[in-house]
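Dear colleague,

I am passing on the structure below, and would be grateful if you kept it open while reading the notes that follow it.

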Amino acid sequence: MVALLFPGQGSQRKGMGDGLFARFPELTRQADDILGYSVEELCRTSGEGRLDRTEYAQPALFVVGALTYLARDTGLPEPRFLAGHSLGEYGALFAAGCFDFATGVRLVRERGALMGRASGGGMLAVLGVDGAEVPGLLEETGAREVDVANFNAPTQTVLAGPLEELRQVSQALARRPGVRCVPVRVSAAFHSRHMRPAAQEFTRFLTGFSFADPRRTVVSSVTARPYRPGEVAEVLARQIAGPVRWAETMAYLDAHGVRQVEEVGPGQVLTGLWKRTYPSAGRGGPTAAAPGAAPRVPVPRGTDAPASTPTAPAGAVTATSAAPRGTVTAGAATPTAATPYGTVPAGAAAPTAAAPYSTATVGTQTATTPPPYGAATAGAAAPTAAAPYSTTPVGAPAATTPPPYGTVTAGAVAGARAGGPGAAGTAVADPPHPGTTSAAAPPRAVAAARTGVATAPPAAGPAAGAASVAGAVPTAGPVLSPVGGAARDGGAAGRPPRFPAPAAPSGPASGAPASGAEELGCAEFRREYGIRYAYLAGAMFRGIASAELVIRMGRAGLMGFFGAGGLTLEKVESALLRITDALGPDGRYGMNLLHSIDDPAYEQHLVDLYLRHQVHTVEAAGFTQLTPAVVRFRFVGAHRDGQGRPVAVRRVLAKVSRPEVANAFMGPPPEPILRQLVAEGRLTAREAEIAAELPVSQDICVEADSGGHTDGGAALTLLPAMIRHRDAAMARHRHARRIRVGAAGGIGSPEAVAAAFVLGADFVLTGSVNQCSPQAGTSDAVKDILAGLDVQDTAYAPAGDMFEIGAQVQVVRKGTLFAARGNKLYQLYRAHDGWESIDASTRRSIEDTYFKRPFAEVWEETRAYHLARGRAAEIEKAERLPKHRMALAFRWYFARSVRWGLEGDPAQKANYQIQCGPAIGAFNHVVRGTALENWRDRHVDLIAEHLMTGAAALLARRCAPRAAPPDVVDASTARSSS
């Protein structure tokens, strides 16, 4: 099997591309027009040294790589995989049809310009030490600003950071036997946190482009895993400030059958790295073009551009060896030009031999598959600190099974900052690519934990200790519920409703073992929602659960709900259109339907909007009773199938915390509501007849103590009680299909997820943890506060939308005074008949510190707001009743405090209202010292992966059958002593 490898910056050389520009004159003209100079002349002459400057080298290398690919002999074997080292990834994506040639030139021109403007810092190549050990060694040196930039090979690692700290690291590491440090001639600390400004600017630039999904498998050097659908822009944005995982990329190719590589572009350094790391016979291969080969132009999906077929002149493209950007070549020939980025000069000592990267010894067995993403590699030292969720004592020998996802291991680190928190000599495992192994115990143990039914352990074999065992878990058949023994696949009837089928979820990368997370929860739920995990990202009002959050979840084979509460209908519609444009009308997404207790017309208009745009799923929240709007959404379009069975074509996932509300959603709609809807023409008589036979919600989400509106319920008490209410409702209404019950509130750690499933949850829904992610629609100032919270840093305050009745929301109390001030306003409201009856000193304090404006001005804004929305009766009441006037003015503060936080107004930080539960504090603990510690790296799908795979590992380890201690006697065989 063949893979094409595209080299990165540093492989450029004078004379590269000779013969290619004449062969592709039209594409060369395109590049010249975009760049504003002759790329052919730059490559031919080096442009008086400009070819070695980042802003010129990157476009030139892309052009040469792309043309080399197009000139590739069609008689050569078709590549199964494509990969590129850093910049080279653009060539791989071009070859896979993700964008056209002109787009690629524009992208690398901007990338090169941004990286070329960066200055300060440098890079250092480290030879002769396992890359897995480097982060721990950095910790010992005290270098806090140095990151691992490139994992080029098992014993070739490149660091990036301030020059003074690099000198400090070099002196410290050079004292270790067999370790050699070589400075890299660059102008900045590429592929490190110090490139974040450039990465952020490039992210904004990427929003102006759309990308097709790869037509061939492209293994990213950012993730060391294949690109998933819809993630090209996101990965390219991460690449600038993230490490290059080339060693893991090569390991992935080797594990998936690649036995021959071709280097597409100048040089043979990537080929040399491959041969040295995987020296088996027959590896390596031809490079690039053959004489007279018909060139091929990859056309991105959705374009109508024909393939270009210019005539090829005789003469193959050849190149001398040069190192790609960041690559350390042991024993390489003396370069003819300045030492390229990351290349060790001639005469550098070769690194000490290491076992092939794909070999890991586990106990007495040797696994020939590559190590899991972030797991320990061959020869890696045992962890020097106890791993999370582990009972291994400090200093104990390495475990004989792989550590669970998220543990601190001696394995490869990618994305974790060198010198960050963590025990010396350890590295922090990065979150696995969705669908890949998390080094958890076999899924069979997870199934046993879920069902309470022990299954025979898998037979020992060559892959013993790997994250999964082929055939260990059946892929079909129901997973038994631990509560009541009912099948989790829909009860006796097992008839899924006819929902428009969402796009097939993104599954694991080809050949990647499962982590066990896919087995947690209800299989029917996963199937109906079209998702990989029984996991949802819940809505957060005011668009905090943003369109970007929902889109990212959908593209990852997961699902989120847009936070429509508190937004105008125009803003909701705009977000909905963005979501459906990205995911399709039948994609994996949901919208929030927040009960409007004081504005039922808005609730009805929102349902009109959802029906008009064919929304299939809503998260109903804040309801104290059923309303005509939510009933209408559920049953418009209801019909009978060919066997006469009732079918609802829309889903209402009801978030509830009180049994009486849950019971209402688990039963058919009340007859008066159905009669009203039929009389108003909002349901047909036929739809109402069918509605009387079905529950309003097939899915109930039990919300324990959580951020925002909360009844403060305890999950350990609430969830089992609600499951019993469900069982009673099923018997009472004789529903044909089992109502599913999920868990929300406090879901901030793998332990919490595992506990929810053990308690009988069919699915879990997260909230607070997603608010501290790049996709959340709130300010960076709020996210900074959230990332610093512990579990005790929340409090309760009055709910602005239900101020008068004393309803509460849970909010952040650390770093803001809102909780104390909100409670003070409610106390004043309870104690006084109007604003004027409050003493003058207190009124002045409120105006100066809470409102930061006179009360009269607050009232005028409040009055105008209500009148603009047709609520003249509300104003008339306030002008008659001073207490009501005071309440409306106080509500102004609650609304503004939310806005100040969303906007990140620095002058109002003390008044930020941040609705959040303690789950965020728990999650901060979980990810401390890992690649997710910085909230800017906590993408919502990675949060889901971390929680679900961690829960699977935990259940597998703690709930697997164990042998009884020798002093325990089996009562069934013991002889009575009486």
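**Helix packing, cores and some single residues**

Helix 15 packs against helix 16 (residues 569–583) at an angle of about 20 degrees, and the two axes lie 9 Å apart. Since angles under 35 degrees count as roughly parallel, helix 15 is therefore described as roughly parallel to helix 16, and the crossing in which helix 15 passes helix 16 is right-handed. Please bear in mind that this is a predicted model.

On the side of helix 15, the residues that meet helix 16 are Ala547, Glu548, Val550, Ile551, Gly554 and Arg555, while helix 16 brings Ala575, Arg578, Ile579, Ala582 and Leu583 to the contact. By character, the residues of this contact divide into seven nonpolar, one polar and three charged.

Helix 15 (547–555) also appears elsewhere, as it is included in what covers the buried residues of helix 10, together with helix 5 (88–95), helix 6 (101–117) and helix 9 (196–206). Helix 10 (residues 232–239) is mostly covered, six of its eight residues being buried, namely Val232, Glu234, Val235, Leu236, Ala237 and Gln239.

In the loop between strand 7 (217–219) and helix 10 one finds proline 226, which counts as buried because its relative accessibility is 11%, under the 20% cut-off. Proline 226 and arginine 216 are ten residues apart in sequence, and their C-alpha atoms are 9.6 Å apart in space.

As to the nonpolar cores, the largest has 110 residues, of which Leu536, Tyr610 and Phe665 touch the most other members. Helix 32 (residues 940–959) gives the most to this core, contributing ten residues. If residues up to four places away in sequence are not counted, phenylalanine 665 touches Ala620, Phe623, Leu626, Val630, Val652, Ala654, Val656, Pro695, Val696, Ser697 and Ile700. A second core, separate from that one, has 69 residues, and Val64, Leu70, Phe211 and Val235 are among them; Val235 is also one of the buried residues of helix 10.

Finally, asparagine 924 has its place in helix 31 (residues 919–927). Is asparagine 924 buried or exposed? With a relative accessibility of 3%, asparagine 924 counts as buried, and, leaving aside neighbours within four places in sequence, asparagine 924 is in contact with Leu786, Ala787, Gly788, Leu789 and Arg938.

With kind regards

Notes
Residues numbered from 1 in each chain as written. Predicted model: local features only at pLDDT ≥ 70, side-chain atom pairs only at ≥ 80, totals over all residues. Heavy atoms only, no water. Buried < 20%, exposed > 50% of the residue type's maximum accessible area, 1.4 Å probe, protein only. Helix = DSSP H or I, 4+ residues; strand = E, 2+ residues; numbered from the N terminus. Contact = heavy atoms within 4.5 Å. Core = buried A, V, L, I, M, F, W, Y, C linked by side-chain atoms within 4.5 Å. Axes fitted to C-alpha atoms, helices over the stretch in contact; angles between N-to-C directions. Parallel < 35°, antiparallel > 145°, perpendicular 65-115°, else oblique. Left-handed = near helix turned anticlockwise from the far one by under 90°. Nonpolar A, V, L, I, M, F, W, Y, C, P; charged D, E, K, R; others polar.
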